[in-house]
Amino acid sequence: MTAPQRLVVVSNRVNPPAAQGEESVGGLAMALAAALKQYSGVWFGWSGQTTPEFTGELNVVEQRGVTTATVDLEEIDLDEYYNGYANKTLWPLFHYRTDLAAFHRAFGEGYRRVNRRFAETLRPLIQPNDLIWIHDYHLIPLARELRRLGVKNRIGFFLHVPWPAHQVMINLPRHRQLVESMFDYDLIGFHTAEYQQAFEEYVLNEADGVTLPPGRLRAFGRTVETGSFPIGIDVDDFARMMKSGRARRMRDLMTACTVFRHLIVGVDRLDYSKGLEERFLGFETFLQQNPDLRREVLMLQIAPPSRESVEAYQEIRGRLDALSGRINGEFADVDWAPFRWVNRNYRRDELAGIYGAARVGLVTPLRDGMNLVAKEYVAAQDPEDPGVLVLSRFAGAARQMEEALLVNPNSPEDIADALKRALSMEKAERVRRWQALYENVVREDVTAWRDSFVAALADEGATRQGLAV
Ligand code: ADQ
């Protein structure tokens, strides 16, 4: 498909497309790199660097067919906007962890300031016909700031994390203001219909909004279109990677490490939303309940640290270190240990090889907008002898992947039962389930996601009353 207009993509961090298989972490970065390969335009965001004072100076680079434009932030922006409002307020709240959410006015002020700064820096790059596509919870009020600067272009927003239930959302001080700012978009996209409905419920209950079918909402004197656009992986790139020497070597290595054993694999950023403690307990319960199967499994959990300057992330690391030690202490033998806990990044081609060697993909977040690891695991399986995906029902991916073994990630017993079932599943059932999953992974890949969102955003007829003038 050729793009009719330029696309201006905005996200907090900007990661230009990596060379094949190179290290990269974060589903959003991966998906956007794939999306931008096809469109002309520019990808704007924070450089990841700080300076003593904000200068607004742009660093424009052309790399592998994608133009990126980045700006440094001030140290205080990092504390209040990124570590503060984004990662200590919105992230825990949107993942239903109100117990971990910090509500400080300074965070909210930093968030508004950075969104204003982004808008002012981005403004000169915008041409009249550009489509503007803003990503994720860091930048919810960016359209409002751009409209204040006179931008009339069509602007879309995609939320990569869940939109929480109404009763959770209202824990946020000034929630109404945040939602009102979303009515400066033309289109708001969510991963699933469930998040879209939760947003709608908020608007109807808190803002006296009305629905204008199909998929449009009116409140605050404006109309916005909403839709669900499930994100997927870059299937073609993944298939190429699976054939690479590194992927094969890693697959062979892992197969050699698990002779006479089945590999169970988990791959996540080290984040409390990913349900790692409950998953470890689930594996421990499985070992306790199945003495006859103990020596037949190895669980490998890969989880590189993320957001280490946020306390909640330091604490969870300590608890997981202790739990993994306890499991091995309890069950290991002189010649064998059941659990491997690894805290580093791997190249994507190496990860693909690891997934390929695993009989079970254990993906059990407590909440997750979508979860791309589940899709990568499916894409890496041997069609003749595929492994089994065990998936949390609270991942957005569960809506599309019903042929996985769906579990309640809060229940170690549920996880233990699913592991047992996965390990004893006959080949015919594994193949049948995998085929249905794989069809979905191929059909709803990153290209389908990008094209459906951009088509809806470009569709002038769909909405119009929404623009703030
Ligand atoms: P994330 O929370 O980062 O993304 P996810 O969708 O699982 O979660 O993506 C993680 C990505 O990082 C995967 O592509 C995975 O391969 C990669 N990765 C993980 N561990 C790695 C390691 N050790 N080494 C190298 N790569 C690693 C957010 C939301 C999700 C949503 C995505 C996309 O939280 O719910 O699916 O955005 O919208």
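**Two sheets, their helices and some local details**

User: Where is Asp136 found, in terms of the elements on either side of the loop?
Analyst: This is a predicted model, in which local features need pLDDT (the predictor's confidence in each residue, from 0 to 100) of at least 70 and side-chain atom pairs count only at pLDDT 80 or more, while totals for chains, interfaces and linings use all residues. Residues are numbered from 1 along each chain as its sequence is written, and side-chain values use heavy atoms, with hydrogens and water left out. Helices and strands are DSSP runs numbered from the N terminus, a helix being H or I over at least four residues and a strand E over at least two. On that numbering, Asp136 is found in the loop between strand 5 and helix 4 (142–148).

User: What is the phi of Asp136?
Analyst: Most residues other than glycine have a negative phi. Asp136 is not glycine and yet has a positive value, with phi near 80°.

User: What is the mean pLDDT of the protein chain?
Analyst: Of the residues in the chain, 93% reach 70 or more. Over residues 462–469 the pLDDT is below 50, although this stretch has 21 contacts (heavy atoms within 4.5 Å) beyond near neighbours in sequence. For the chain, the mean pLDDT is 92.

User: In what order do the 10 strands of the open sheet stand?
Analyst: Two strands count as paired if DSSP finds at least two bridges between them, and in this sheet the pairing is mixed. Strand 3 (58–63) and strand 8 (210–212) are the edge strands, each pairing on one side only. The 10 strands of this open sheet follow the order 3-4-2-1-5-6-7-10-9-8.

User: Which residue in strand 10 does Phe190 stand opposite?
Analyst: Strand 7 (residues 187–190) and strand 10 (residues 222–228) run parallel and are joined by 4 bridges. Within strand 10, the residue opposite Phe190 is Ser228.

User: Which strands stand at the edges, each with a single partner strand?
Analyst: A second open sheet has 6 strands in the order 13-12-11-14-15-16, and its pairing is parallel. Two of its strands have a single partner each, so one side of each is left without a neighbour in the sheet, and these are strand 13 (339–342) and strand 16 (405–407).

User: What is the bridge partner of Ile264 in strand 12?
Analyst: Strand 11 (residues 262–267) pairs with strand 12 (residues 297–302) in the parallel sense over 6 bridges. In strand 12, the partner of Ile264 is Met299.

User: At roughly what angle do the axes of helix 13 and helix 15 cross?
Analyst: Axes are lines fitted to C-alpha atoms, for helices over the stretch in contact, and angles run from 0 to 180 degrees between N-to-C directions. Lys375, Val378 and Ala379 in helix 13 meet Trp434, Leu437, Tyr438 and Val441 in helix 15. The axes of helix 13 (residues 372–379) and helix 15 (residues 427–443) come within 9 Å, and they cross at roughly 120°.

User: How far apart are the closest N and O atoms of Arg240 and Asp237?
Analyst: A salt bridge is a side-chain nitrogen of Lys or Arg within 4 Å of a carboxyl oxygen of Asp or Glu, and a search of the whole structure finds 30 of them. Arg240 and Asp237 both lie in helix 8 (residues 235–242), 3 residues apart, about one turn of the helix. In their salt bridge, the distance between the closest N and O atoms is 3.5 Å.

User: What is the omega of the peptide bond from Pro213 to Pro214?
Analyst: Pro214 lies in the loop between strand 8 and strand 9 (216–219). Most peptide bonds are trans. The bond from Pro213 to Pro214 is cis, with omega near -5°.
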